[in-house]
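A learner and a teacher go through a structure together. The topics are pockets and cores.

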Amino acid sequence: MIEEGMLLYFAPPSFASGKPNSERRKRLMLVIKKDDVNKTLTLINISKVSNKPNCLTYTSNCLIRKYNPPLPLLSFAKLNDNYILEDFSELDKYVYKQGEKLNKKEFVNIQTKYREYKSN
């Protein structure tokens, strides 16, 4: 069962920009919100910091300081790169690291910054 704070690793059919994911490139996504009423999951893209020197200069990116576990590398959440998916049982096979959740404080921080970003 997928819960908020878990990560999924899969190839979305298209990117948040609407561009098709024709290469079927996988993305690491954080479940930022689970809506049991509408049976949907809101996911945001997680990316590693390395080789992206300007990534933290954007207000739409949020550094994840306590990333390990479950993330192997220093990473950030792309608050502007989100997806809403129907929550269906087949998504369980894409759960990352056996469902280990992101650090609770980090998750709450990302949720707060995500809400602020969406409201502006």
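**Reading pockets and cores**

Q: What volume does the second largest pocket have?
A: The volume of the second largest pocket is about 150 Å³. Keep in mind that this is a predicted model.

Q: Which residues line the second largest pocket?
A: A lining residue has an atom within 4 Å of a pocket point. Here the lining consists of I32, K33, D35, T40, T42, I84, Q111, Y114 and R115. At least two residues come from each of β2, β3 and α1. Sorted by class, three are nonpolar, three polar and three charged.

Q: How much space lies in the largest pocket, and which residues lie nearest its centre?
A: The largest pocket holds about 270 Å³ of space. Its lining has 15 residues, and Y9, L28, I46, S47 and K48 lie nearest the centre. Two or more lining residues come from each of β2, β3 and β5. The largest share, four residues, belongs to β3. The classes here are seven nonpolar, three polar and five charged residues.

Q: Which residues of the largest nonpolar core touch the most other members?
A: Core members are buried, with under 20% relative accessible area. The largest core has 16 residues, and those touching the most other members are L30, I44, I46, L71 and I110. β2, β3, β4, β5 and α1 each supply at least two of its residues. There is also a second, separate core of 10 residues, including L8, F10, M29 and V31.

Q: What does I44 touch beyond four places away in sequence?
A: I44 touches L28, M29, L30, I32, A77, K78, L79, D81, N82, I110 and Y114.

Methods: Residues are numbered from 1 along each chain as its sequence is written. This is a predicted model: local features need pLDDT of at least 70, side-chain atom pairs count only at pLDDT 80 or more; totals for chains, interfaces and linings use all residues. Side-chain values use heavy atoms; hydrogens and water are left out. A nonpolar core is a set of buried Ala, Val, Leu, Ile, Met, Phe, Trp, Tyr and Cys residues joined through side-chain atoms within 4.5 Å. Buried means under 20% relative accessible area, exposed over 50%, partly exposed in between (1.4 Å probe, protein chains only). Contact means heavy atoms within 4.5 Å. On a 1 Å grid over the protein atoms alone, a cavity is a set of points where a 1.4 Å probe fits but cannot get out, and a pocket is an open set with protein on both sides within 12 Å along at least five of seven lines; lining residues have an atom within 4 Å of a point. Grid points are joined across faces, edges and corners, and a volume is the space filled by probe spheres set on the points. Ala, Val, Leu, Ile, Met, Phe, Trp, Tyr, Cys and Pro count as nonpolar, Asp, Glu, Lys and Arg as charged, and the others, Gly among them, as polar.
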